[in-house]
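Reader: Could you take me through one part of this model up close? I'd like to hear how the smaller sheet and the helices around it fit together.

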Amino acid sequence: CLQACLDCLKMRVLLLGSTGFVGQHVLDTLLQRAQHDVWCLVRTRTRTDGSTLLGGQVMKGPLTDRVHFIMGDIESEGDLRAAIQVSSCNCVINLAGVYAWWLPDPSLFHRVNTNGVRNLLQAVSAFGNQVEQLVHISTVLAYGRPTGRGLSEATAFDEDCMPGPTTSLYAASKQAGDALVRAALASRHIAGCICYLACCIGADHKLLDPKRDVMRISELISGQLPAKIASDTVFTYVYVRDAAEAIVRASERRHQRGNFEVSAAVGAAAATHMAVDGSVGRGSAAWSSSCLLVGEGRLATSEYYNLIASVSGTPRPTREVPAWLAVLGSGMLTMCATYVTGRQPTAPLDLVRTATSGTLLFDASRSTARLGMKYTPIRVAFAEAIDFITEATTGSNSVASQAEEREGLIEQERT
């Protein structure tokens with residue numbers, strides 16, 4: 001009887017973006033569930049020794065019969081169709097994307113984050129009802145700033161609000177891809193949901209690369225960040241393992257209980273708000289039923305600096321650069337990088353513009369209840385990230401004991 005129940009709940013998951021920071025944790029979480037089989041669409045080749053390189057890390061040991069790797073790229077609809085056919089998946093989780101504050105070739109944002117989503121939707125639609133659930137992963141930066149919302153706790157936006165203006169090429173390209181998914185969900189061609197993640201924190205190999213460390217944590221730990229900006233701005237953070245758990249729970253909920261289905265009436269209502277570009281206008285009833293906001297660890301930028309300083313022992317920056325000067329300087333640096341050097345600027349304009357655009361708060365209580373989430377204190381996530389950087393850069397043997405001591409203190413805070 002138990003085995004019959006497990007078979008009923010079993011998913012065959014096609015996972016896109018399994019080599020990324022969040023994607024690796026989603027893969028781990030899926031495999032921790034005994035009943036799910038996973039196919040990962042990857043661009044890196046499996047090694048001859050049986051290990052697989054994922055996001056700079058080697059997955060050691062023999063690959064079990066529950067995880068498989070398929071060569072392919074989200075920029076190719078043909079690759080996606082082949083992956084769906086080979087895997088016979090009934091669930092697709094899309095974490096594929098390009099996340100950066102500046103690129104030498106900015107067209108990559110649109111090619112992957114927007115056109116890649118279009119390719120995926122077309123590939124999924126080609127297989128009719130085989131794919132029962134599409135879980136598309138986005139970011140609160142792509143949600144933008146709904147009009148008059150998000151600047152304070154009293155005006156925090158929720159799932160009933162429609163996305164607003166964005167502040168970066170990355171966020172704009174993600175928002176355009178999200179709009180395509182919303183249109184597909186509202187038309188009932190595809191069932192599923194969109195998970196909007198807060199800023200994910202935890203151990204990540206990108207933290208060791210100054211060109212890819214968008215959080216600048218390594219520079220803060222080493223004391224190389226000379227000044228701070230937008231100290232009063234508040235953003236929301238989430239432990240990466242919690243984000244992965246929320247994504248997997250979102251993929252399981254409809255499979256178990258029929259949630260996130262958009263009714264015909266709701267789909268018709270949403271269709272009346274569709275724009276030519278596929279975006280959904282304000283007031284769409286379909287929006288909140290397919291949207292999940294993930295994360296609740298709010299920190300002002302000054303608290304962000306203080307937290308890293310208290311955990312790492314490195315003094316925080318004391319000088320504050322005015323927002324107008326930061327935007328002006330970053331604009332000049334970015335223009336020079338784009339048209340002269342071709343190298344990433346120290347402070348990309350999109351990063352500074354996002355940081356200085358003001359507080360961005362959302363209320364995830366509804367999604368938290370729907371998913372049954374209990375979020376880890378955000379200090380745990382920062383401690384893990386700092387321990388990872390410290391161990392990698394200094395080889396300190398005391399890191400583990402320090403982490404264990406902090407975990408005990410944090411557990412007391414949690415209880």
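Author: Here's a walk through that part, with a quick look at the rest of the fold afterwards. Keep in mind that this is a predicted model.

Start with the sheet itself. It's an open one of 3 strands, in the order E9-E10-E12, and the pairing is mixed. Strand E9 (199–201) and strand E12 (297–300) sit at the edges with a single partner strand each, so one side of each has no neighbour in the sheet. From one strand to the next, the twist averages 45°. Strand E10 (residues 234–239) and E12 run antiparallel, joined by 4 bridges. If you want a spot to click on, Val 234 stands opposite Ala 300 in E12.

Now add the helices. H12 packs on this sheet, touching E10 and E12, and its direction makes about 100° with that of E12. H16 packs on the sheet as well, touching E9, E10 and E12, with its direction at about 75° to that of E10.

Those two helices also pack against each other. Helix H12 (residues 301–312) and helix H16 (residues 378–394) meet at an angle of about 55°, their axes 10 Å apart. That makes the pair oblique, and H12 passes H16 in a right-handed crossing. On the H12 side, the contact is made by Tyr 304, Leu 307, Ile 308, Ser 310, Val 311 and Ser 312. H16 brings Ile 378, Arg 379, Phe 382, Ala 383 and Ile 386. Sort the contact by class and you get 8 nonpolar, 2 polar and 1 charged residues.

For context, there's another open sheet, with 7 strands in the order E5-E2-E1-E6-E7-E8-E11 and parallel pairing. Strand E5 (67–71) and strand E11 (291–294) are at its edges, each with a single partner strand, so one side of each is left without a neighbour in the sheet. Neighbouring strands here are turned by 20° against each other on average, direction ignored. Within this sheet, strand E7 (residues 133–139) and strand E8 (residues 192–197) pair over 6 bridges, and Thr 139 has Leu 197 in E8 as its bridge partner. Helix H7 (residues 169–186) lies across E7 and E8, at about 155° to E7.

One last thing to look at: the salt bridges, of which the structure holds 14. In one of them, the side chains of Arg 366 and Asp 158 meet at 3.9 Å, N to O. Arg 366 is in helix H15 (residues 365–371) and Asp 158 is in the loop between helix H6 (140–143) and H7, so to speak a link between distant parts of the chain, 208 residues apart.

Note on methods
Residues numbered from 1 in each chain as written. Predicted model: local features only at pLDDT ≥ 70, side-chain atom pairs only at ≥ 80, totals over all residues. Heavy atoms only, no water. Pairing = 2+ DSSP bridges. Axes fitted to C-alpha atoms, helices over the stretch in contact; angles between N-to-C directions. Contact = heavy atoms within 4.5 Å. Parallel < 35°, antiparallel > 145°, perpendicular 65-115°, else oblique. Left-handed = near helix turned anticlockwise from the far one by under 90°. Nonpolar A, V, L, I, M, F, W, Y, C, P; charged D, E, K, R; others polar. Salt bridge = Lys/Arg side-chain N within 4 Å of Asp/Glu carboxyl O.
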